[in-house]
Each structure stands twice: as structure tokens, then as C-alpha cells.
Amino acid sequence: MKSRVGVSLLCLLLAAASFVRAAEPEVRVVLWFDTEDYLLPASDDAAKRVAEILTARGIRGTFKVVGEKARVLEQRSRGDVVAALRKHDIGYHSNLHSVHPTPAEYLSACGWLDGIAEFARREGAGARDVRRIFGVPGLSCYGQPGSSWAPQAHAALRQIGVVTPAGVPVYLDEGTNVGFEEKPFWYVGALNVFNMGRNQVRMELHEPGGLERGCAAFKAAYDRLRAEGGGLISIYYHPAEWVHQEFWDAVNFRRGANPPREEWKRPPQRPAAETEAAYHRFEKYLDYQLALPGVKHVTASDLPAIYGDWIRAQGADLETVKDVAERVARAPALDVVRDRRGRFISPAEQFSIVTGFLVRWIGDGRLPPQVEVGELFGPSERPPATEVGELPWRAFRDALLDAADEARVRQQVPTCVFAGVKKIAPADFLRASAAVALAAIDAGPARPAFPEKVAIPSGTPVATELFVADDTPELFGGWIIHPEGFRAPRIVEMAKLQAWTLKPAQRAAAAGETTTAARRVPVGSWGGARAGLTVEEGQARLELDCAHGSIPRRLAVDTTGRFEAEGRYVPEHGGPVRAAEADEGQPARYSGTLSGQTLTLSVKLGDGQTLGPYTLTLGHPPRLMKCR
Ligand SMILES: [Zn+2]
């Protein structure tokens with residue numbers, strides 16, 4: 001069972017990989033920072049410093065802020081820290097993080113709907129505070145404290161204002177509760193970057209030799225993803241790691257300890273020299289990434305545009321309905337389906353497509369050309385065993401209309417479909433419905449005929465459950481904050497039911513879609529009066545009169561031909577160059593437009609001075625006056 005599903009999904013993924021190989025491979029890097037230590041004031045400065053290090057390089061990171069941390073920044077009048085972080089993406093990391101009960105502790109006693117309500121009740125206020133204090137309309141993502149994971153959190157994110165500008169909630173964290181081949185996936189209506197395996201890398205901040213090992217690990221993931229046609233690397237830190245000797249929460253809330261607020265203790269701080277060395281290592285680590293061709297840093301907010309939910313955005317036409325119906329009717333288990341246009345479709349989406357199609361067919365008396373794909377969560381409880389093997393058409397029809405209505409109104413796959421008093425498990429009902437839909441499509445639009453009887457299978461498994469981890473002592477109890485031996489079998493049960501919603505996330509090209517992808521500035525030498533630009537695969541070098549500059553990436557223009565990029569600018573002088581000057585210079589913002597073989601370029605320096613615009617032509621030599 002396990003190997004069969006594994007092989008079929010592997011085939012899907014390999015097919016997806018071959019689809020995108022034609023495009024130039026891009027390795028995206030999502031850098032995220034769990035900003036949570038509300039006890040050690042030095043961690044406020046650390047968050048600011050990390051944000052500034054990113055800003056200086058034109059990188060945007062994602063700071064997942066704890067509600068209490070935001071409130072403490074406000075109390076300590078650290079508007080400077082808020083302003084530095086606000087230049088980046090702001091996400092959410094729970095209200096109190098490690099104060100008991102943590103999310104998994106309180107959700108271990110909940111079912112599905114009450115769990116969603118309880119998560120929203122306990123975590124909603126913190127999300128409001130982070131939004132207010134940071135002045136952002138929405139928070140780009142959420143991720144659980146420690147191993148305190150539960151699927152009800154995903155379902156509650158929209159409700160508490162954790163949603164990207166694209167209207168999609170993003171779950172960004174690490175853990176092993178659910179995952180998909182070390183790649184982003186959809187689960188419970190959220191785009192998940194989680195359980196990334198070999199695509200989650202880190203550099204040890206405080207170890208001598210950490211930089212070299214960190215860069216080697218990054219390069220290994222980068223090379224592997226480039227060979228696969230591109231992909232995503234996930235890297236996380238806690239700003240507090242730069243300054244503390246021990247995590248703030250382990251000092252106070254270890255193994256179920258729950259001292260009152262008045263007794264919270266500050267964690268011990270590192271010597272300043274160690275902190276400085278770690279900042280330096282981190283800067284070098286980022287510079288190493290920037291120098292590699294095809295590396296692009298992205299935030300949680302960027303992810304929905306990269307990994308669109310194509311089937312939900314575009315709907316299902318008759319061919320897709322047929323692809324789904326054929327696969328579901330004939331396979332012994334529910335699994336992810338890939339339609340002929342290359343789009344992945346989760347079991348819950350299959351339920352929406354097939355029942356939606358049949359309801360329209362019954363209502364209109366003809367085959368609908370297009371069906372919307374609704375967002376459905378999985379069932380609330382483990383479905384009962386199916387009690388009926390066959391239904392007369394009218395009994396099936398009435399059960400279908402009721403099940404489709406329940407799915408539409410409650411936005412979840414029903415726990416149980418009723419045919420009168422008889423219970424039918426939703427997976428069995430979906431397979432029966434798929435057979436009816438397939439027969440209708442095969443009969444053709446001329447004579448849509450309802451069958452006399454509908455066979456109902458039994459015991460249909462939901463194969464995507466295999467991607468949800470089983471309950472083990474380590475799954476929740478491995479986190480030092482949870483009580484020794486803490487287990488949450490009810491959360492695992494809820495997580496498996498939500499496997500109905502699981503499917504790989506795919507990039508636009510893999511889904512057979514065209515996007516308005518950025519165009520690259522052609523590689524080569526561009527020259528003109530007083531300036532020359534050499535565009536290479538992963539960088540561009542600028543020569544000006546008595547100055548030079550660099551942009552640590554290949555230039556790309558948007559759909560209107562404009563570009564903007566952060567880089568460095570170094571003034572020159574006559575005479576010998578001192579060794580220490582190699583890394584000197586200042587940050588600069590390069591901007592301009594590309595039109596055919598002509599590039600217009602301006603340089604804005606950190607002190608506000610603007611150079612140019614220079615007009616450059618591909619293949620022309622620069623005409624420069626150099627100082628040296
Ligand atoms: Zn955390």
C-alpha cells in the first residue's frame with residue numbers, strides 16, 4: 001500500500017520536474033526569522049540588526065512575530081526595531097509561544113470545529129496586536145511554536161487575519177507532521193513550506209568553520225534543485241540566537257513548567273564578541289548565496305504567486321472532470337490526480353468537482369462545460385463504514401444533492417453521506433459518483449442518461465494519509481517545552497482526516513501555465529558615454545568614470561521593461577589600491593529601462609546622490625575616463 005502510493009506520486013513529481021526543465025532553473029530561498037524572545041531586551045536589537053543586514057543586501061526576509069513580542073516592543077518604545085522589521089515581510093508565530101497550554105496542548109483535547117474556534121480565540125488577539133503595532137493589514141504567514149502543531153491552526157488563519165495580499169494563507173515552519181517530498185504543498189487551504197527535508201538548510205552561527213559547512217550545505221541543495229529544474233530552499237533562524245546562550249523559553253517553561261509572569265527570568269546573554277562574530281558569519285553566508293547564479297530570495301507573501309493553486313483559480317472543464325472521474329472511478333484508493341493540463345487535484349477538490357458536476361447535470365439536464373472547484377476541508381471525524389452496496393438512481397440522486405449541499409454550505413467533505421438512514425463514507429461515495437459522471441460524459445451530450453442503479457464501493461482508503469506522520473513520543477513530546485511524554489493522538493487523527501486536502505504545490509510552468517515571468521537583461525557587454533555594464537549569468541558589473549559598481553544578481557525587467565536592483569558602488573582614485581579597499585564602497589540602487597538593444601541606467605547612492613541616466617547599447621564599447 002505504502003509503496004504503491006509512493007511510486008504513483010513519485011511519477012507525478014518526476015513528470016512535473018520534466019515539464020519545467022526547459023526553463024532556466026531558478027533556486028528560490030525563503031529566509032524566515034521566528035521573532036519570539038520577549039524576555040531578553042538584547043534580542044530586540046538582534047532582530048533589528050538582522051533586518052538591517054538583509055536590507056543592506058536588497059534581500060527581504062520574513063519575520064514571524066509573537067504577539068507578546070510585539071507588545072513588548074511597544075512597551076519598550078522600540079519603534080526603531082519595528083521600523084527595521086517592517087521593511088520585510090511580517091508573519092505570525094502565536095500569541096504567547098511557550099506559555100502553557102501551547103497550541104498542541106489545548107488542541108489535543110479538541111475536535112475539528114471546536115479546535116478551529118479555540119485556536120482563533122487564543123491566538124486571534126496576538127495576531128491583532130502584531131498587525132496594529134507593525135501597521136500591516138494582514139500577516140503573511142503563520143508557523144507553530146516548537147513542535148506545537150495542529151491542523152486546526154491552518155483552518156483558522158484567514159479568520160485571524162493571517163493571509164497574504166493574494167488572499168492565500170501561508171504556513172511557514174519546520175516539522176515532520178505532514179510533508180510532501182521535501183517540497184511546498186497545499187494542506188487545509190494553506191500553502192505550506194514545511195518538512196522541507198534536504199531543502200531546509202542552516203549555517204551554525206557560533207561555530208568556527210560553521211560558515212564553510214553552511215555554504216557547502218547550501219550549495220549541495222542548490223545544485224540538486226538546479227538539476228531538478230529549480231525549487232525552493234527554506235532557511236530559518238531566531239534573532240535571539242545571535243545574543244542568548246539558552247532559549248528564553250527553556251529557561252522558564254521547560255517540560256510543562258508555567259511560572260506566573262512576575263517570575264519569568266531572562267536567559268543568559270552571550271559575550272558581545274561572539275554575537276558580532278555570528279553577525280559577520282551570517283553576512284558572509286548571505287553574500288555567498290547572492291553570488292550564485294539563479295538564486296532569488298523570496299518572502300512568504302511572494303509564495304502564492306509562484307505556487308498558484310491552478311485548478312482552484314481556473315476551474316475544471318469537461319476534459320478535467322473526465323480525467324478526475326476516470327481516475328477516481330477506477331483506482332482502489334483516493335489519491336492526488338493530475339489532469340491532462342498538468343494540474344494537481346486533491347481528493348477534497350475531486351469531491352467538489354465530481355459532485356458539483358453531477359448536481360449541475362441533474363439540475364440543467366445537460367453536461368456543464370465548466371465546474372468551479374470549491375475549497376473544502378476534510379471531514380470532522382473518522383467516517384463510518386459504508387452500509388449500502390447499491391442504490392436506485394433516485395435514492396442516489398437525493399443523497400448526492402444533500403452531500404453536495406453540505407459540502408458547499410459547510411465547506412468541508414461530509415463526515416458521512418446519508419442515503420435515507422443508511423450511512424456512506426465520503427470516499428466510497430466519491431468513487432460511486434465518479435463512475436456515474438464518467439458514464440454521463442462517455443454517453444456524450446446528445447443523450448445524457450441517468451443510470452437505473454448506482455453501485456457503492458466500500459472501504460476506499462484515502463492514500464494521501466500516508467503523508468501525515470503517525471503518533472510517536474517524539475512528534476509532540478520532543479519539544480523541551482511540552483511535558484515529558486506528551487502525546488496528542490487526537491491531533492494526529494484530525495491531521496489524517498485533513499489529508500483529503502493534501503496535494504503538491506507546483507510552479508506555474510509545471511502546471512502548463514504561462515506567466516508574465518520577468519524577462520532577463522541579455523548577457524553581454526553594454527556600453528555608452530561614461531559607462532559600461534557587463535551582464536553575466538548571476539551578476540552585473542558597472543564601470544563609470546572614476547568609479548565602479550556591482551549588482552549581485554542577473555538583471556531582470558518587469559512586463560513594462562523596468563528594472564530595479566540593489567548593489568554596491570565604489571568610487572576610485574589615482575595611485576595604488578590598498579588591500580583593505582577590496583570590499584569598500586556603499587550600497588546603491590540601480591534602476592532603469594530596457595528597450596530592445598538599449599538600456600537606460602541610473603544609480604542612486606546611499607547619500608541621496610543620483611548618477612546618470614546613462615544610455616548603453618549591447619555590444620558597444622564604453623567610453624570612460626578612468627582615474628587609475
Ligand atoms: Zn518559535
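Q: A residue is called buried if 20 or more other C-beta atoms lie within 10 Å of its own. What share of the residues of the protein count as buried?
A: In this predicted model, 48% of the 628 residues meet that condition.

Q: Why is the protein called as compact as a globular protein of its length?
A: The secondary structure comes to 18 helices and 27 strands. The protein has a radius of gyration of 27 Å, and the globule rule gives 25 Å for 628 residues; the two values are close, so the protein is as compact as a globular protein of that length. Along the principal axes, the C-alpha trace spans about 95 × 65 × 40 Å.

Q: What share of the contacts between residues at least 6 apart in sequence join residues at least 24 apart?
A: Such pairs make up 74% of those contacts. A contact here requires C-beta atoms within 7 Å.

Q: What makes H14 oblique to H15?
A: Helix H14 covers residues 347-364 and helix H15 covers residues 393-410; their axes cross at roughly 125° and come within 10 Å. Roughly perpendicular ends at 115 degrees and roughly antiparallel begins over 145, and the rest counts as oblique. The angle therefore makes H14 oblique to H15. The crossing is left-handed.

Q: Which residues of H14 and H15 meet, and how are they divided by class?
A: From H14 come Phe 351, Ser 352, Thr 355, Gly 356, Leu 358, Val 359 and Ile 362, and from H15 come Arg 397, Leu 400, Leu 401, Ala 403, Ala 404 and Ala 407. By class, this contact has nine nonpolar, three polar and one charged residues. Gly counts among the polar residues and Arg among the charged ones.

Q: How do you know that Leu 358 is buried?
A: Leu 358 has 26 C-beta neighbours inside 10 Å, and the cut-off is 20 or more. Leu 358 therefore counts as buried. This residue lies in helix H14. Beyond the neighbours within four places in sequence, Leu 358 is in contact with Leu 400, Ser 433, Val 436 and Ala 437. From Leu 358 to Leu 401, the C-alpha distance is 8.7 Å, with a separation of 43 residues in sequence.

Q: Why does Thr 164 count as buried?
A: Thr 164 has 22 C-beta neighbours inside 10 Å, and 20 or more are required. Thr 164 is therefore buried. Its place is the loop between helix H7 (151-156) and strand E4 (170-172). Once neighbours within four places in sequence are set aside, the contacts of Thr 164 are Gly 138, Ser 140, Val 170, Ala 300, Ser 301 and Pro 304. Thr 164 and Ala 300 are 136 residues apart in sequence, with 7.7 Å between their C-alpha atoms.

Q: What makes H13 oblique to H16?
A: The angle between helix H13 (residues 318-330) and helix H16 (residues 426-443) is about 130°, and their axes are 8 Å apart. An angle over 115 but not over 145 degrees falls outside the other classes, so H13 is oblique to H16. This crossing is left-handed.

Q: Which classes of residue make up the contact of H13 with H16?
A: On the H13 side are Leu 318, Val 321, Lys 322, Ala 325, Glu 326, Val 328 and Ala 329; on the H16 side are Leu 430, Arg 431, Ala 434, Ala 435, Ala 437, Leu 438 and Ile 441. The contact has 11 nonpolar, no polar and three charged residues. Lys, Glu and Arg are counted as charged.

Q: Why is Glu 181 called partly exposed?
A: Glu 181 has 17 other C-beta atoms within 10 Å. Exposed means 12 or fewer and buried means 20 or more, so Glu 181 is partly exposed. The residue belongs to the loop between E4 and strand E5 (185-187). Its phi is near 55°, a positive value in a residue other than glycine.

Q: How do you know that Glu 182 is partly exposed?
A: The count for Glu 182 is 17 other C-beta atoms within 10 Å, which lies between the two cut-offs. Glu 182 is therefore partly exposed. It lies in the loop between E4 and E5, and its phi, near 65°, is positive although the residue is not glycine.

Q: Where is Pro 101 found, and what kind of peptide bond joins His 100 and Pro 101?
A: Pro 101 is in the loop between strand E3 (89-92) and helix H5 (103-107). The peptide bond between His 100 and Pro 101 is cis, with omega about 0°.

Q: What kind of peptide bond joins Gly 612 and Pro 613?
A: This bond is cis, with omega about 10°. Pro 613 lies in strand E27 (residues 610-618).

Note on methods:
Residues numbered from 1 in each chain as written. Predicted model: local features only at pLDDT ≥ 70, side-chain atom pairs only at ≥ 80, totals over all residues. Helix = DSSP H or I, 4+ residues; strand = E, 2+ residues; numbered from the N terminus. Rg over C-alpha atoms; globule rule 2.2 N^0.38 Å. Contact = placed C-beta atoms within 7 Å. Axes fitted to C-alpha atoms, helices over the stretch in contact; angles between N-to-C directions. Parallel < 35°, antiparallel > 145°, perpendicular 65-115°, else oblique. Left-handed = near helix turned anticlockwise from the far one by under 90°.
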